[in-house]
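Dear colleague,

I am handing over the structure we spoke about, and below it I have set out what was found. Please read the notes with the sequence and the model side by side.

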Amino acid sequence: MLTRIDHIGIACFDLDRTVDFYRATYGFEVFHTEVNDEQGVREAMLRINGTDDGGSSYIQLLQPVREDSTVAKWLAKNGEGVHHIAFGTADVDADAEAARERGVRVLYDEPRRGSMDSRITFLHPKDCHGVLTELVTAAGSSASSVSSASTDH
Ligand code: CMX
Ligand code: CO
């Protein structure tokens, strides 16, 4: 079950300058930064608020670190802006499977590693009314721990 907006992913050309804009204009502070080599991005997570399911909501600022990354390709075509939205769930495997059963293309066979050791997958924007949609289970979520510890399903 999707219980919150985990983050809004925003593609930018210069991560440091974009972070400065969010700090100066809105007062949002950087909660976490990392390079995700697999996704080809350097990212900053700005925490906006906690939620009643124990998770949080963030702005995810993304700068490509490789010319062939999906975000680099998107920026070249569209310029800076909102790249995707991400819904939080305690069980990304179950929600990805439910979407798949409804005929929505899920981009990964198995969820991959996302920001802060979360588990993530994506739904194809062409099956989601033009919105690239990410599903996220935060590290430490109980369903995530159960599913990664279990070997019999
Ligand atoms: N939002 C909405 N539509 C998008 C889109 C986006 N972010 N990215 C691509 N599209 C649309 C394009 O406009 C294009 O539409 P048209 O055919 O009508 O022109 C179509 O989808 C195909 O686009 P493309 O430029 O040829 O791009 P690809 O098919 O190579 O890749 C996608 C698209 C979704 C498969 C790819 O971006 C992907 O795998 N995304 C998931 C991974 C990702 O985005 N990682 C970065 C974020 C990491 C994180 O959040 O942690
Ligand atoms: Co994201």
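The notes that follow go from confidence to the sheet, and then to the ligand.

Please keep in mind that this is a predicted model. The average pLDDT of the protein chain is 93, and 92% of the residues score at least 70. The exception to keep in view is residues 144–153, where pLDDT stays under 50 and the model has five contacts beyond four places in sequence. Where pLDDT is low, the predicted coordinates should not be read in detail.

An unreviewed UniProt entry places the feature "domain: VOC" at residues 4–138. Over residues 4–138 the chain is 23% helix and 41% strand, and the C-alpha atoms at the two ends are 12 Å apart.

The sheet is open and has eight strands, which follow one another in the order E2-E3-E4-E1-E5-E8-E7-E6, with mixed pairing. Strand E2 (30–36) and strand E6 (112–113) stand at its edges, and because each has a single partner strand, one side of each is left without a neighbour in the sheet. Helix H2 (residues 70–78) packs on the sheet, where it touches E1, strand E3 (41–50), strand E4 (56–64) and E5, and its direction makes about 80 degrees with that of E4.

A good place to start looking is strand E1. Strand E1 (residues 2–11) pairs with strand E5 (residues 81–89) in the antiparallel sense, over eight bridges, whereas E1 and E4 pair in the parallel sense, over five bridges. Ile 10 can be followed in both directions, since it stands opposite Val 82 in E5 and has Leu 61 as its bridge partner in E4. Gly 9, for its part, stands opposite His 84 in E5. On from there, E5 runs parallel to strand E8 (residues 133–137), and four bridges join the two; in that pairing, the bridge partner of Gly 88 is Val 136 in E8.

Which residues come nearest to ligand 1? Of the 23 residues around ligand 1, they are Gln 39, Thr 70, Phe 122, Pro 125 and Leu 132. The elements that give two or more residues to this shell are E4, H2 and E5, and H2 gives the most, with five residues. By class, the shell around ligand 1 is made up of eight nonpolar, eleven polar and four charged residues.

With best wishes

Note on methods. Residues are numbered from 1 along each chain as its sequence is written. Chains are lettered from A and ligands numbered from 1 in the order in which they are written. This is a predicted model: local features need pLDDT of at least 70, side-chain atom pairs count only at pLDDT 80 or more; totals for chains, interfaces and linings use all residues. Two strands pair if DSSP finds at least two bridges between them. Two residues are in contact if their C-beta atoms, placed from the backbone, lie within 7 Å. Axes are lines fitted to C-alpha atoms, for helices over the stretch in contact, and angles run from 0 to 180 degrees between N-to-C directions. A residue is near a molecule or strand if its C-beta atom, placed from the backbone, lies within 6 Å of it. Ala, Val, Leu, Ile, Met, Phe, Trp, Tyr, Cys and Pro count as nonpolar, Asp, Glu, Lys and Arg as charged, and the others, Gly among them, as polar. pLDDT is the predictor's confidence in each residue, from 0 to 100. UniProt positions are given in the numbering used here, feature names are shortened, and annotations may be inferred rather than shown by experiment.
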